[in-house]
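Reader: I should like to understand the terms used to describe a protein model. Could the structure be shown, so that each term may be set against it?

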Amino acid sequence: MTDTAIEAAALGRSFGRRRRQALEGCSFRLPAGRVCALTGPNGAGKSTLLALAAGLLRPTEGSIAVLGRTPAAARERLAYVAQNKPLHPQLTIAGTLRLGRDLNPRRWDARVPERIIAEGDLDPGARIRSLSGGQRTRVALALALGKRPELLLLDEPMADLDPLARHQLMATLMADAADHGTTVVMSSHVVAELEGSCDHLLLLGGGRVRLAGPLDDLLAAHTLVTGRSGDTLEPHTVVESRTTGRQLTALVRPAGPLGEGRRTDRPSLEELVLAHLRSPEAPPLVLDTEQEAAA
Amino acid sequence: MSAVTAGASAAVKESRAPHGLVPALLRVHRSAFLFWLMLTAVCLGALLWAAGPGADAALAEYRALGCDRPGPGPDCHFSGSAVGRHQLAVAIASGLVTLLPVLTAAWAGGALTGREMENGTAELAWTQSVSPARWLAAKLAVPAVLLVAGTFAVTLLHRMLWSSPKNSLDRLMGWYEWHDDRVFEINGPVATAHTLAALALGVLAGLLLRRALPALGVAVLAVVSLVWVLDELRPRLWPTTATVTSAGSTPNPPGLVVEEGALTATGARVPVPECWGELDCPAESGITGYYAVYHPSSHFWPLQLMESGIALAVAALAVVAAFRLLRRRTGAAV
């Protein structure tokens, strides 16, 4: 059992004849057992990163290792749910699950998907083409979990779900992941969707890693400062600063004590992500658990 | 010791394709496979009927018209209803087999790979415990086995019908020659080879274009062109035989004529003169005889094997290209 779920080194992928870079120079390490939020604006490279980790795309630069091996060698131990939740429309739900059993003969556990289907009040005899988007998501997740993956890659998993189903399915997912120590990587551009269920963050922007690391450490490394306008924020790293009238609000990475006369707050996940999205020029911050331990 | 054995057996197990890939494929493409079964059944049924009751009825009608006697009347150039039904049955079978490469290419490009690439179900399979290469191998092998089995059965039955004793069906089947496109193809491995090439080209088109409708169109176009080129090329696939007849008679070689014309006293080959058929034509035009370059019926097998070989080579190239394409895109070794 390896303790690293995903390790990327200078990972890059370009598409087409014009070599448009979807990802470039991405280096990060995701320890096993984490629930990682993968976020960033549209077109940041989230789906490309997940497809690379799932072994569906070949990197054009650098490398990516999954569960200590190449993604292709780890195929049996990972599960992936694509953004559009592809399923065979002509099959029934039961037929889709039989497909999962047939294609994962050494790992399939029928109880998990059957429970997820039953929780959604779905008829196993219903054809996939007759299902709503949310119901399809449920079947796709059931298929992914039936494989008993060690790494679960989910691309925009909750986009089609109503709030109730989202809450219920997320709870099922998290309980299952906690029971089995599954590493989960979940992409979304809705930050609120991820808050509360994730303990690791990977923020992409323009194909590069902007933030990576344990969520608590990343939040602890940033401070939300409120002071008078005209204050100097040297020598701290300023991610974003805004002046409203005489008031200055800034998100900084403190390089030492922030001094008197200012209000300092711990940012929320949403504030952290939004500040970084609003200022693409802010330097990236990659925190590794091992580096933390060494320091 | 037991640990070593267990390790070895685990390694063997690891390297084997999941057993479920074939049932999974049959389930996903069930309606297409059922359609193929039905099509094969229609072909075999039509040929069986034509060989049995259809032939008997057609022969009875033929005899009733007196066409089996020497010097048959003019009615014998027209077919009665029983003869017509017999010919229709054979034409249905050979027509479907002629159409088969087009149907196969359309399905292989459109449904077998193109649609799966377009809607992402291919990636769904690749993130189960099945590598892209194994997925592709199954996608090629399962339909190939079914297509070969069906086409082979139809070919065998048609050959039986074609080569049945001269005194019964010869005159009915005599409407066609062994080298007519549809007869030639269905009577040997060429029909099967065309179909396999269509499968491989369709699969390649689907992987290349990654969309169902364009892949369907390109695959059909590719296969129609391939079959057309092979039809055109056929007479050149084996050395021909030449025959010369005297000026008094006309050349009537029993086979696939590649070239025919007239010979002058110097032995030069010239076009048949316009006065051909008139009594004093040879003297008038200086023709000493007629020649024909052709394939006798003994060239049937060499021609069949050459053409099948070319079609299978095209299929093999397409298969290699498909595997390389998949490998380059996904980077997965096995």
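Author: What follows is a set of questions and answers on this structure.
The model is predicted: local features need pLDDT of at least 70, side-chain atom pairs count only at pLDDT 80 or more, and totals for chains, interfaces and linings use all residues. Residues are numbered from 1 along each chain as its sequence is written, while chains are lettered from A and ligands numbered from 1 in the order in which they are written.

Reader: What makes β1(A) and β2(A) a pair?
Author: Two strands pair if DSSP finds at least two bridges between them. Strands here are DSSP runs of E with at least two residues, and helices are runs of H or I with at least four, both numbered from the N terminus. Eight bridges join β1(A) to β2(A), so the requirement is met, and the two strands run antiparallel. One of the bridges sets Ser14(A) against Gln21(A) in β2(A). Four residues lie between the strands of this hairpin, where Gly16(A) has a positive phi near 75°.

Reader: Which strands of chain A are called edge strands, and why?
Author: The open sheet has three strands in the order β2-β1-β4 (chain A), paired antiparallel. Its edge strands are β2 (20-31) and β4 (61-66) of chain A, as each pairs on one side only. The twist averages 20° from one strand to the next. Between β1 (residues 4-15) of chain A and β4(A) there are five bridges in the antiparallel sense, and Ile6(A) stands opposite Val66(A) of β4(A).

Reader: How is the direction of helix α1 of chain A stated?
Author: Axes are lines fitted to C-alpha atoms, for helices over the stretch in contact, and angles run from 0 to 180 degrees between N-to-C directions. On that basis α1 (residues 46-53) of chain A runs at about 120° to β1(A), lying across β1, β2 and β4 of chain A.

Reader: Why is Pro105(A) called partly exposed?
Author: A residue is buried if 20 or more other C-beta atoms lie within 10 Å of its own, exposed if 12 or fewer, and partly exposed in between; the C-beta atoms are placed from the backbone. Pro105(A) has 17 C-beta neighbours inside 10 Å, and therefore counts as partly exposed. Pro105(A) is found in the loop between α2 (93-103) and α3 (111-119) of chain A.

Reader: What makes α2(A) mostly covered?
Author: Eight of the 11 residues of α2(A) are buried, among them Ile93(A), Leu97(A) and Arg101(A). The buried residues pack against α3 and α4 (133-146) of chain A, together with α2 (21-28) and α6 of chain B.

Reader: How many residues form the contact of chain A with chain B?
Author: Two residues are in contact if their C-beta atoms, placed from the backbone, lie within 7 Å. The contact takes 28 residues from chain A and 25 residues from chain B. On the side of chain A, β5 (78-81) and α2 each supply at least two residues, and the largest share, seven residues, comes from α2(A).

Reader: How do you know that the span of α13 of chain B agrees with its expected value?
Author: The expected span of a helix is 1.5 Å times one less than its number of residues. For the 31 residues of α13 (residues 300-330) of chain B this should be 45 Å; the end C-alpha atoms are 45 Å apart, so the two agree. The buried residues of α13(B) include Leu303(B), Ala311(B) and Leu326(B), and their cover includes α7 (132-162) and α10 (190-209) of chain B. Just after α13(B), Gly331(B) takes a positive phi of about 70°.

Reader: Why do β1 and β3 of chain B stand at the edges of their sheet?
Author: This open sheet has four strands in the order β1-β4-β2-β3 (chain B), with antiparallel pairing. β1 (241-246) and β3 (269-270) of chain B each have a single partner strand, so one side of each is left without a neighbour in the sheet. Six bridges join β1(B) and β4(B) in the antiparallel sense, and Thr245(B) has Tyr290(B) as its bridge partner in β4(B).
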